[in-house]
Every structure is written in C-alpha cells, then in structure tokens.
Amino acid sequence: MRLHSSSLHGSLRDPVLGSIGFLNEVMSRYPDAISFAPGAPHPDTLENIDTEWYVGRFIDHLVQTGRSPEQARRLLLEYGPSRGIINGIVADALRRDHGIDVPADTLVMTVGAQEAMLLVLRVLFCSGEGVLAVANPCFVGIVGAARLLDVDVVPVDETDLGIDLDGLEEVCRSAREEGRPVRALYVAPDFSNPGAARMSLDCRRRLLDLAEREGFLVIEDNAYGFTAAAGAELPALKALDTARSVVHIGTFAKVAFPGARVGYVIADQPVGSARGGTVLADELAAVKSMVTVNTSPLCQAVVGGMLLEYGGSLIELSRRTSEIYQRNLTCLLDALDRHLGDGSHPGIGWNRPCGGFFVRVRLPVPVDAALLEVSAAGYGVLWTPMRQFYLDQAGDQQLRLSCSYLDPERIEEGVRRLTAFVSEEIESRSDSGSGG
C-alpha cells in the first residue's frame, strides 16, 4: 500500500516536528564548524559514570530496606510498576534540597521529561474543551506534544523576569469568552529554553495566585534550575504551591546523563470520580501503562544509585556539572562583551542570564535558515534561529547561542568567528537594506 502524507496525522507537517532534525542535518554537513546549536550536556559531565557501580549501590539499598538479593535483582529485570521504583529516593531528595514536600506516590518516573509532557497533556485535555497557554518563546518539546495530541496552543509573551502576567490574564479572559478556557500553562521558570528568562520571586507568587483565581494548572519544567549560582537559588513553583496548582516536571538528563532517559512528574492534584478519589499521578501512571509500560528499571537503578552515592542530594549530584555550566556561561558573556560589545556593531545586543545554557542575540536583519547556512559555510560557526521557538513572528531577528557543550577555548574561538560573521555579513546586509 502506498500512503500519502495528507492521510497521516497533521502534526507531521508542522514545522516544529522538523526543527530538531533540521539542526542535526546542518551540523552533520559542517562537522568542523564550532556549534553553539545543541543544548547537550558537556562531555566532561559524562566521565567516570560507572553504571555497574551505581546499579550495585541501588541493589544494596534495596537489600538494606528489606528485599532479598534475588528480589532486588528481579526487580531490575522485570517490567516493574508504571509509577516507577525510585520514587521514594527522588521524593526525599526534592524535599531535602528544594522544599518540595510531596508523597512518593504522587511521583511518576518517566522516559525523560518529554514523555512526562505527553502524559500530562493527554490526561488533562479532553477533545476541544480547553487550550494550553505557553510562554512565548517556548521549548519545542511541549509544542510538539500538543500538536501530536491536537491540543490548541496560545502564546503568552515571556519577559526577562518571567511570564507576562497581564498578557496571561488577557489570554484567560479571551479564551473563557470563547468557551474554551485555559486549562494549563507551560512555563520553565529557571533559565528557560530557549529564552533563558528567569522568573522573579514576585512573578512566581503572582502567577500562582492567578492560577488559583482562574482555575488553570501550571506545568512547571525544571530542567535548568540546578545551574543557578550558589546563593542565587529561587524556590521552584511547586515549593510555593499551597493550592496544588502546579504539576512539576523534572529530568535527570542534565544532572546525571541523558542516556539514562529518566525523568519524573509530580502530580498531587486530587481527582474525584464515581469510583472514589485518586490523585493525578494515578491517572498518569494508567496512561503510561498504555504508552511505554514502565520506565526502564535498570536506568532507574543507575539514577537511584547515583543519588544514593551523593547522600540522596540532587544538589550534591549536580554540583560539579553546575560549576561547568556557570563557567561556560561566564566565558560566553565575557567573549561577547569583548568582541561585540564595543559599540561598533549597532543593532546587535544580547541578554545576560545568570544561569542555564542559553544566550539570545538580536541582529538587525532577519535570522533564518539561509543565514545559518552562510554562517556555517563561510565562517564555521553554528547557532539556532529563534523563530522556530515562537508561535508568532517575534523572534525573526534573534538567534540562540548554547554554551553547554563547548570548552572555554572553543567558546572564545566561536565568538571570534561569530564576530567576523556579524562584521562582514550582517552589517553589509543591514547597510544594503537601509540604503535600498
């Protein structure tokens, strides 16, 4: 049988599903270019990860807490519960380090944060009965999950201090009047991908007040909070959540290693039904049993063993990786200041995040795939156009630089090449446009 794309799900024709593949394709064609494109963990964070040791550490824990060695071994080799097997260890770490005090059975261990997003949207959204609000610009993973599930998405502008609360309130009002209220809002309050914004403490509190008043859930993505400098941490939205308005999503891709494919979702919202009361985590686990069945027990064991090895502390587990990313971000901002910040490049600027992986750069010309091709082929430097992260045209003159994967000397050389690209290519195009 020959199929036509028009007979397949419409999400497959949405540009958001092809955005990551496009970047990978460009990187493969220019392997010698310095790439500020991927938000991947630094290779140094993957050294000395002894998976066998961590599995053994977790088995020892299981034996110490009452299982026989054979029961412990079997737990890792069988399917296991959809909810997960390291929930208690993760819940204890969140309580200890981040003030998120929830029962272990309100956590579901997922195949990375991406599965968590898909599960949450599938459970929350009935057909056509509500909309998902997202920070604009937005991580492509949540938008892609929404497209796959036919969930309508509405943008709310993100500022350097967090979500535009006045704009969000207006979106809620408009959606309510149209009979399709905002069901949930997706935000990444700490150093968001791709905007690198960090929500202020005041904005966090006001957002929770608005969520309770308007009756929507907040889906909090906490992938980059661990990169905050010591003493500059802010509480997660879930730690401030007294009304159970926040569904919190986390991942071990950055603080442990991405190959583990282990994430989690906290969903402690009560759910009433004719068969009795449950919590939202129960519903997520039920859906997960029809998707991935369970998250690999062996992978969970590695992550659980890593946490145990670091005293059950997420902070201690991520301390070295956080220092690497703080170093790289400092190097990137310093290099931009020295090479592009002397005032001789009008119309060019960038934000100054204090954590995370990303910096947004504004240019005086449209930033698109064709410009990226010129940058890669002519100057040996890669970056990511921001337009793919926006639901409107607001990012047409912005690019994203990711500093996570590079060493300081490569960051320095990459910015030097970027400066040559800006000086020779961008300024000539800008001059041509202004004179035309």
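A polar contact is a pair of N or O atoms within 3.5 Å, where one atom must be able to donate a hydrogen and the other to accept it within protein. The exercises below use a predicted model.

**Exercise 1. Helix H11**

Task: Find which residue caps the N-terminal end of H11, then compare the expected span of H11 with the distance between its end C-alpha atoms.

Solution.
Step 1. The cap is Ser-313, which has a side-chain oxygen 3.3 Å from the backbone nitrogen of Ile-315.
Step 2. The expected span of a helix is 1.5 Å times one less than its number of residues. H11 has 27 residues, so its expected span is 39 Å.
Step 3. The C-alpha atoms at the two ends of H11 are 37 Å apart, which agrees with that expectation.
Step 4. H11 also has a kink of about 45 degrees, centred on Arg-320.

**Exercise 2. The largest nonpolar core**

Task: State which residues touch the most other members of the largest nonpolar core, and which helix supplies the largest share of this core.

Solution.
Step 1. The largest nonpolar core has 45 residues, and those touching the most other members are Phe-58, Val-90, Leu-94, Phe-252 and Leu-307.
Step 2. Elements that each supply at least two residues of this core include helix H2 (51–64), helix H4 (87–98), strand S9 (263–266) and helix H11 (314–340).
Step 3. Helix H10 gives the largest share, six residues.
Step 4. Take Val-90 as an example. Beyond its neighbours within four places in sequence, Val-90 is in contact with Leu-107, Met-109, Phe-252, Tyr-264 and Leu-307.
Step 5. Another core, of 38 residues, lies apart from this one; among its members are Val-120, Phe-125, Ala-145 and Met-386.

**Exercise 3. Glu-309**

Task: Decide whether Glu-309 is buried, partly exposed or exposed, and list its contacts beyond four places in sequence.

Solution.
Step 1. Glu-309 belongs to helix H10.
Step 2. Buried means under 20% relative accessible area and exposed means over 50%. The value for Glu-309 is 36%, so Glu-309 is partly exposed.
Step 3. With neighbours within four places in sequence set aside, Glu-309 is in contact with Trp-53, Tyr-54 and Arg-57.
Step 4. With Trp-53 there is a polar contact between the two side chains, at 3.4 Å.
Step 5. Glu-309 and Phe-58 are 251 residues apart along the chain, yet their C-alpha atoms are separated by 9.0 Å.

**Exercise 4. The eight-stranded sheet**

Task: Give the strand order of the eight-stranded open sheet, and describe how the residues of S7 point.

Solution.
Step 1. The order is S2-S9-S8-S7-S6-S3-S4-S5, with mixed pairing.
Step 2. S2 and strand S5 (162–163) are at the edges; each has a single partner strand, so one side of each has no neighbour in the sheet.
Step 3. Strand S3 (residues 131–136) pairs with strand S6 (residues 182–187) in the parallel sense over four bridges. Val-134 has Tyr-186 in S6 as its bridge partner.
Step 4. S6 and S7 are also parallel, joined over four bridges, and Ala-184 stands opposite Leu-217 in S7.
Step 5. In a regular strand, side chains alternate between the two faces of the sheet.
Step 6. In S7, Leu-217, Ile-219 and Asp-221 point one way, while Val-218 and Glu-220 point the other way. Five of the five residues of S7 are buried.

**Exercise 5. The four-stranded sheet**

Task: Name the edge strands of the sheet S12-S13-S16-S15.

Solution.
Step 1. This open sheet of four strands has antiparallel pairing.
Step 2. Strand S12 (349–350) and strand S15 (384–385) each pair on one side only, which marks them as the edge strands.
Step 3. S15 is joined to strand S16 (residues 398–402) by two bridges, and Thr-384 stands opposite Arg-400 in S16.

Key: Residues are numbered from 1 along each chain as its sequence is written. This is a predicted model: local features need pLDDT of at least 70, side-chain atom pairs count only at pLDDT 80 or more; totals for chains, interfaces and linings use all residues. Side-chain values use heavy atoms; hydrogens and water are left out. A nonpolar core is a set of buried Ala, Val, Leu, Ile, Met, Phe, Trp, Tyr and Cys residues joined through side-chain atoms within 4.5 Å. Buried means under 20% relative accessible area, exposed over 50%, partly exposed in between (1.4 Å probe, protein chains only). Contact means heavy atoms within 4.5 Å. The bend at a residue is the angle between axes fitted to the seven residues ending there and the seven starting there. Two strands pair if DSSP finds at least two bridges between them.
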